[in-house]
Amino acid sequence: MENFSITGSNYIPTVHFDAQSGVLEISGESYHEYTVEFFQPIIKWLRDYLATPGREIVFNFKMIYFNTSSSRRFLEIFDMLEDYQRSKKGKVTVNWYYQNNDFDMLESGQEFAEDVNLPFNFYTF
């Protein structure tokens with residue numbers, strides 16, 4: 001399977017999903033007006049990737065800012081990863097990075113961690 005990448009710019013995050021290593025990373029800012037359309041190829045790639053059981057996945061989340069619409073897409077991704085871990089015997093770890101003193105971003109990560117049954121690690125950058 002091919003890797004998946006999007007170069008970030010204003011309003012859209014950088015995405016790098018490495019199919020060989022299982023390291024999936026989203027970083028930057030996400031406040032694109034059309035998040036459903038933007039995230040559609042990301043969700044499709046992830047769905048295809050998660051078709052193979054037993055993978056070890058590290059999801060690095062390094063966002064500086066995201067809007068409510070993007071938050072819904074991120075929850076969809078976390079739900080997919082949770083389902084994969086539960087039903088396909090995968091092992092998923094979420095590394096949630098937030099800027100030092102950005103307690104809103106830390107709180108967002110803690111809320112996602114409460115919503116899904118995945119291990120979350122919290123780091124500052």
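How many aromatic pairs does the structure hold? The structure holds 26 of them, and this report on a predicted model will look at one of those pairs after a tour of the strands and helices.

**Strands side by side**

Let's begin with the parallel pairings. The table shows how many bridges join each pair of strands, along with one example of bridge partners.

| Strands | Sense | Bridges | Example of bridge partners |
|---|---|---|---|
| strand 3 and strand 4 | parallel | eight bridges | L24 and F59 |
| strand 4 and strand 5 | parallel | six bridges | V58 and T93 |
| strand 5 and strand 6 | parallel | five bridges | Y97 and Y123 |

How does the chain get from one strand to the next? From strand 3 the chain passes through helix 1 to reach strand 4, in a right-handed β-α-β crossover. A right-handed β-α-β unit is also made by strand 4, helix 2 and strand 5. Finally, helix 3 (residues 103–115) carries the chain from strand 5 to strand 6, and this crossover is right-handed too.

**The nonpolar core**

Now for the inside. The largest nonpolar core has 37 residues, and the ones that touch the most other members are F59, F74, I77, F78 and L81. You have already met F59 as the bridge partner of L24. Several elements give two or more residues to this core, among them strand 3, strand 4 (56–66), helix 2 (68–87) and strand 5. Helix 1 gives the most, with seven residues.

F74 is worth finding in the structure. Setting aside its neighbours within four places in sequence, F74 is in contact with I26, S30, F39, F61, M63, F66 and F112.

**An aromatic pair**

Two of those contacts of F74, F66 and F112, also form an aromatic pair with each other. Their rings are tilted, at 6.3 Å centre to centre and 45° between the planes. Because F66 lies in strand 4 and F112 in helix 3, the pair ties together parts that are 46 residues apart in sequence. Both F66 and F112 are buried.

**A buried serine**

Another contact of F74 is S30, which lies in strand 3 (residues 23–30). Is S30 buried or exposed? Its relative accessibility is 1%, so S30 counts as buried. The side chain of S30 makes a polar contact of 2.7 Å with the side chain of S70. Beyond its neighbours within four places in sequence, S30 is in contact with residues including Y11, P13, F39, M63, Y65, F66 and N67.

Notes: Residues numbered from 1 in each chain as written. Predicted model: local features only at pLDDT ≥ 70, side-chain atom pairs only at ≥ 80, totals over all residues. Heavy atoms only, no water. Helix = DSSP H or I, 4+ residues; strand = E, 2+ residues; numbered from the N terminus. Buried < 20%, exposed > 50% of the residue type's maximum accessible area, 1.4 Å probe, protein only. Polar contact = N/O pair within 3.5 Å; in protein donor to acceptor, adjacent residues only side chain to side chain. Contact = heavy atoms within 4.5 Å. Pairing = 2+ DSSP bridges. Right-handed = clockwise from strand over helix to strand, strands pointing away. Core = buried A, V, L, I, M, F, W, Y, C linked by side-chain atoms within 4.5 Å. Phe/Tyr/Trp six-rings, centres within 6.5 Å; stacked < 30°, edge-to-face > 60°.
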